[in-house]
Amino acid sequence: MLLVLCVDLDDDLGRKTGLETPVVGRDAVRDAAVALATADPEDSDVNVMFQGLHVLEDLEAAESEEVEVAAVTGVQGSEVRATRAVGEEVDRVLAGLATGESVRAIVITDGAQDESVLPVIRSRVPIDSVRRVVVRQAQNLESMYYTMKQVLADPETRGTLLVPLGILLLIYPFVTIATFFDVPGAAVLGLISALLGLYTLFRGLGLESTVDEAAERIRNVLYAGRVTIITYVVAAALLVVGGAEGVSTLRTVEAGVAGDPSAVTVLAALVNGAIRWFAAAGITSSLGQVTDEYLADRFKWRYLNAPFYVAAIAVVLYAVSGFLLPPVAGVAALTLTDLAVALTVGTLLGVLSTLTFAIAESRFPTGVDPA
C-alpha cells in the first residue's frame with residue numbers, strides 16, 4: 001500500500017482552520033486544503049495538500065495497489081516538539097489504515113525545513129520518494145533561507161564565516177577612531193590585517209583545537225588546585241632572569257677581553273651567567289610536580305631524583321663554562337682543580353640520589369607501578 005503524506009511541520013492547517021489532525025482520505029484532505037486556502041490563500045501548505053491529491057490521482061491511475069492520502073502536522077515553535085508531534089500523527093495514521101499489506105510512503109513538503117522531519121517518518125514507514133512543492137515565483141527562496149539559518153546556527157561554521165567578516169567590517173570604524181586620536185590609519189589597517197591573517201592561519205592549520213585543548217588543560221589545572229601551576233609560573237620568571245643574567249655576563253666578558261670573543265667564549269659566558277637561575281627553575285618545577293604526584297597518591301621515591309639531577313647538571317655546566325672563560329674582572333673563572341671537583345660532586349650527587357631513593361623504594365614501597 002502507498003501512503004501519500006502531506007507534511008505541515010508548523011501546524012498552519014490546525015492553527016488557521018481549527019481542524020483536527022491528522023486528516024486522512026481524499027475528501028477530507030481536499031476539504032482541509034480548501035479551508036486553509038480560504039483562511040490564508042498565501043500559505044504554501046495549501047499547495048502541499050493539493051499536490052498530495054494530484055499525486056494520489058496519478059498513483060491510482062498508474063499503480064495497481066491501494067493508495068491513500070493523509071495530512072500530518074507538527075506544532076509551532078520548537079522544531080524538536082514539532083517533529084515528535086509529526087511522528088505521533090504518522091503513528092495514528094498507520095494504526096487507522098485497515099490493510100494487511102506493508103505500507104510505503106511518498107512524502108510531500110513545501111521546503112527544506114519540513115524535510116527535517118524525514119528521519120522521524122522513515123523510522124516508522126519506508127519512504128519511496130520525497131517531493132518538494134515550491135511556488136514558481138519564489139523557487140528555492142525558502143530553501144536558501146533555511147540553509148542560511150542552519151549555517152548560522154552551527155557554532156563551528158558560524159565562527160569560520162562571521163569572525164573574518166566581523167573583522168573586515170570593523171576596519172572603517174577603527175580607522176575613523178584612530179584618526180580622531182591622531183593615530184596613523186595604516187597602523188590600524190596593519191593590525192587588523194595581522195589579526196585576520198593569524199585567524200586564517202590558525203583555521204587553515206587546524207590550530208584552534210590545540211589552543212582550545214591547552215586552555216581546557218589550564219582551566220582544569222586551576223580548578224584542581226595543582227601546585228604545578230604556581231611552580232611553572234615561578235620557573236618561567238626564573239628562566240627570564242637567567243637569560244638576562246647570561247646576557248649581562250656576556251657583556252662583561254666582551255668588555256674585558258681584547259677583540260671579539262670566540263664562539264666558545266660566548267657560549268660559556270651565557271651558560272655561566274644563566275645556569276644558576278635555570279637550575280633554580282628546574283628544581284622549582286620538579287618539586288611542584290612531585291608535590292602534585294604525592295597529593296594524587298601517585299608518588300614514587302624515584303621522582304625525588306629530578307631536583308638532584310638538575311642540581312648535578314647545573315654544577316657540571318657551571319664548572320665547565322667557568323673553566324672555559326678567560327680571566328675577566330667580575331666573572332669567576334675556575335681552574336682545572338675546580339673543574340675536577342665540580343665534576344666529581346655532580347657525579348656523586350646523581351649516583352647517590354639514585355641509590356638513596358632506590359633503597360627507599362625497596363624499604364618503603366609506595367605502591368605498584370601502573371601497567
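Strand β1 (residues 2–8) runs parallel to strand β4, and 5 bridges join the two. Within this pairing, Cys 6 has Ile 108 of β4 as its bridge partner. The model described here is a predicted one. Both strands belong to an open sheet of 5 strands, whose order is β2-β3-β1-β4-β5 and whose pairing is mixed. The edges of the sheet are held by β2 (23–24) and β5, each of which has a single partner strand, so one side of each lacks a neighbour in the sheet.

**Salt bridges**

How many salt bridges does a search of the whole structure find? The search finds 9. Three of these pairs are set out in the table below.

| Pair | N to O distance | Location |
|---|---|---|
| Arg 15 and Asp 12 | 2.3 Å | helix α1 (residues 12–17) |
| Arg 26 and Glu 60 | 2.5 Å | helix α2 (residues 26–39) and helix α3 (residues 45–62) |
| Asp 128 and Arg 104 | 2.7 Å | strand β5 (residues 127–132) and strand β4 (residues 104–109) |

The side chains of Arg 15 and Asp 12 meet in a salt bridge. These two residues are 3 positions apart in helix α1, which means that about one helical turn separates them. Is Asp 12 buried or exposed? Asp 12 is buried, because its relative accessible area is 8% and the buried class covers values under 20%. Its partner Arg 15, with a relative accessible area of 39%, is partly exposed.

The salt bridge between Arg 26 and Glu 60 spans two helices: Arg 26 lies in α2 and Glu 60 in α3, so the pair ties together parts that are 34 residues apart in sequence. Arg 26 is partly exposed at a relative accessible area of 26%. Glu 60 also counts as partly exposed, with a relative accessibility of 37%.

The salt bridge between Asp 128 and Arg 104 returns the description to the sheet. Asp 128 belongs to strand β5 and Arg 104 to strand β4, and the pair links distant parts of the chain, 24 residues apart. Asp 128 has a relative accessibility of 43% and counts as partly exposed. Arg 104 is likewise partly exposed, at 26%. Elsewhere, Lys 16, Asp 40 and Asp 43 are joined into one network by salt bridges that share partners.

**Aromatic pairs**

A pair of aromatic rings is described by the distance of the centres and the angle of the planes. In this model the count comes to 4 aromatic pairs. One of them is formed by Tyr 294 and Phe 299: the ring centres are 6.0 Å apart and the planes stand at 80°, so the pair is edge-to-face. The cut-off for this class is an angle over 60 degrees. Phe 299 also pairs with Trp 301, again edge-to-face, with 5.7 Å from centre to centre and 70° between the planes.

Which residues do the ring pairs link into a cluster? The cluster consists of Tyr 294, Phe 299, Trp 301 and Tyr 303. The accessibility of its members can be described in turn. Tyr 294 counts as exposed, with a relative accessibility of 56%. Phe 299, at 15%, counts as buried. Trp 301 is partly exposed, with a relative accessible area of 24%.

**A nonpolar surface patch**

Leu 198, Leu 201, Phe 202, Leu 205, Leu 207 and Val 211 make a nonpolar surface patch of about 510 Å². The elements that give two or more residues to this patch are α9 (185–205) and α10 (207–224). Helix α9 supplies the largest share, 4 residues. Phe 202 is found in this helix, and its relative accessible area of 32% makes it partly exposed.

**Thr 354 and its surroundings**

Thr 354 is found in helix α14 (residues 336–363). At 32% relative accessibility, this threonine counts as partly exposed. Which residues does Thr 354 touch, not counting residues up to four places away in sequence? Thr 354 touches Asn 305 and Tyr 309. The C-alpha atom of Thr 354 is also separated by 9.0 Å from that of Leu 304, although these two residues are 50 residues apart along the chain.

Methods
Residues are numbered from 1 along each chain as its sequence is written. Side-chain values use heavy atoms; hydrogens and water are left out. Patches are made of residues with over 30% relative accessible area and no salt bridge: like charges are joined within 9 Å, nonpolar side chains (Val, Leu, Ile, Met, Phe, Trp, Tyr) within 5 Å. Accessible areas come from the Shrake-Rupley method with a 1.4 Å probe; for residues, only the protein chains shown count as cover. A salt bridge is a side-chain nitrogen of Lys or Arg within 4 Å of a carboxyl oxygen of Asp or Glu. Buried means under 20% relative accessible area, exposed over 50%, partly exposed in between (1.4 Å probe, protein chains only). Contact means heavy atoms within 4.5 Å. Rings of Phe, Tyr and Trp (its six-membered ring) pair if their centres lie within 6.5 Å; planes under 30 degrees apart count as stacked, over 60 as edge-to-face and the rest as tilted. Two strands pair if DSSP finds at least two bridges between them.
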